[in-house]
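Grab a coffee and work through these exercises with the model open beside you. Try each task before you read its solution.

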Amino acid sequence: MNKTVYVDNNATTRVADEVVEEMLPYFKELYGNPSSMHTFGGQLHKRMEHARERVADLIGADPSEIVFTSCGTESDNAAIRGVLESYPKKRHIVTTRVEHPAVLSLCRHLALHGYELTEIGVDSEGLFDLEELRAAIRDDTAIVSVMHANNETGVIFPVEGAARITKEKGAIFHTDAVQAVGKLPMDMSKSNIDLLALSGHKLHAPKGVGALYIRRGVKFQPLIMGGHHEHGKRAGTENIPYIIGLGKACELAKEYIKEEQDRVKSLRDKLEENLLTNIPNARLNGHKTLRLPNTTNISFEYIEGEGILLLLSEGGICASSGSACTSGSLEPSHVLRAMGVPFTAAHGSVRFSLSRYNTEEEVDYIARSIPPIMKKLKDISPYAKEIEELEQKAASTANRG
Ligand code: PLP
């Protein structure tokens with residue numbers, strides 16, 4: 001196959017053609033400022049509000065509850081800091097050990113600057129215990145921040161249960177839904193979630209645009225101060241072309257969500273089954289079913305993940321060995337470590353994350369490419385003996401079966 005096979009969609013996605021089309025006029029013809037008094041700029045206000053309606057519609061929110069931001073990281077930071085500033089007497093934060101750095105680094109930073117932090121752990125399948133969460137929330141807990149779906153494993157957290165418990169205990173609930181929006185149906189009108197972060201580039205809009213859902217009535221102080229944009233919740237002239245793109249991407253996501261759940265999931269399942277069946281040292285990281293339909297994270301025990309990625313890349317296949325933010329370091333992923341994945345397996349983990357643009361032909365090509373890569377890496381691995389033992393074990397199980 002002499003084209004790029006892109007299965008790294010949890011890192012970022014291709015911008016949909018329909019999104020680019022809809023954005024283009026906003027660079028050359030409709031370049032005004034939506035806050036202007038004149039009609040040339042003023043007409044953009046209506047268009048921006050239409051984009052807001054589309055974003056709100058995807059998550060079952062009211063448009064007045066959507067604030068445009070520059071990315072998922074900003075949305076997460078604004079949510080957590082915005083709540084903490086609104087409740088100055090409450091100095092305790094609860095989160096999980098497997099959050100994206102957009103949440104975890106901020107919480108750990110705050111813990112060094114006068115806040116108390118409780119990080120809930122996860123089990124070997126990547127799930128946490130709701131009762132442990134309940135026990136962690138105190139009278140002085142200001143915010144509980146729990147991600148909707150994990151970027152590395154795709155594991156889906158019980159956010160509705162967590163939000164209900166948080167509400168019962170009198171704290172505010174935020175979810176980093178950057179990986180979940182557009183892949184899982186959600187309805188804020190029937191939810192106890194107070195704040196939810198999303199990001200354009202994970203759902204076929206460009207990088208550099210995001211949104212924060214803030215439930216009506218939730219106390220919130222803006223992270224970025226300045227003019228009166230976004231009803232005083234986020235200052236800065238709105239990035240109109242990207243906001244238009246995000247609106248269109250949300251509309252498309254609503255249309256494609258069923259396909260993500262069916263066609264994309266069946267491609268993911270085919271790839272996963274093939275690898276787990278045919279590669280003796282392969283094991284799945286994360287819960288078998290409570291997982292995003294597009295994500296599979298597989299460890300190839302005793303093999304270096306970076307080696308696999310390099311050889312995959314030579315064949316035009318783009319996958320990832322963890323979150324893009326942590327790659328470049330030889331430290332195994334904090335998510336896999338929190339799940340207790342042994343060192344020898346965590347180092348050899350590869351994440352394949354699919355999208356609506358992947359095909360069956362591509363999945364078959366990946367499945368065909370892995371065995372020769374494994375053979376090559378096994379031959380130079382200091383653990384060749386251990387891999388051979390796994391191969392023999394698999395062969396004798398197959399013979400018995
Ligand atoms: N949260 C999660 C779960 C993510 O996967 C990412 C990006 O990888 C982010 C937050 C940050 O989003 P952005 O890249 O838009 O800042």
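A salt bridge here is a side-chain nitrogen of Lys or Arg within 4 Å of a carboxyl oxygen of Asp or Glu. Bear in mind that this is a predicted model, where local features need pLDDT of at least 70 and side-chain atom pairs count only at pLDDT 80 or more, while totals for chains, interfaces and linings use all residues. Residues are numbered from 1 along each chain as its sequence is written, and side-chain values use heavy atoms, with hydrogens and water left out.

**Exercise 1.** Count the salt bridges in the whole structure, then look at how Arg-54 and Glu-251 meet.

Step 1: Searching the whole structure turns up 30 salt bridges.
Step 2: Arg-54 and Glu-251 pair up through their side chains, N to O, at 3.3 Å.
Step 3: Now place the partners: Arg-54 sits in helix H3 (residues 39–59) and Glu-251 in helix H8, so this pair links distant parts of the chain, 197 residues apart. Helices are DSSP runs of H or I with at least four residues, strands are E runs of at least two, and both are numbered from the N terminus.

**Exercise 2.** Describe how domain 1 and domain 2 meet.

Step 1: Get the bounds, which come from an automatic or database domain assignment: domain 1 is 5–11 + 257–400 and domain 2 is 17–253.
Step 2: Their C-alpha centres are 30 Å apart. Counting contact as heavy atoms within 4.5 Å, domain 1 puts in 30 residues and domain 2 puts in 32.
Step 3: Together they bury about 2600 Å², with 57% of it on carbon and sulfur atoms. That is the accessible area (1.4 Å probe) lost when the two parts are put together, summed over both.
Step 4: On the domain 1 side, Ile-257, Leu-292 and Met-339 lose the most area to domain 2, together 23% of what that side buries.
Step 5: Check for salt bridges across this interface: the rule finds zero.

**Exercise 3.** Find what surrounds the ligand.

Step 1: Taking residues with a heavy atom within 4 Å, you get 14 around the ligand, the closest being Thr-73, Asp-176, Gln-179, Ser-199 and Lys-202.
Step 2: Look at the ligand's oxygen atoms: a polar side-chain atom of Ser-199 is 2.6 Å from one, and a polar side-chain atom of Gln-179 is 2.8 Å from one.
Step 3: Gly-72 uses its backbone, with a polar atom 2.8 Å from an oxygen atom of the ligand.

How values were computed: Polar contact = N/O pair within 3.5 Å; in protein donor to acceptor, adjacent residues only side chain to side chain.
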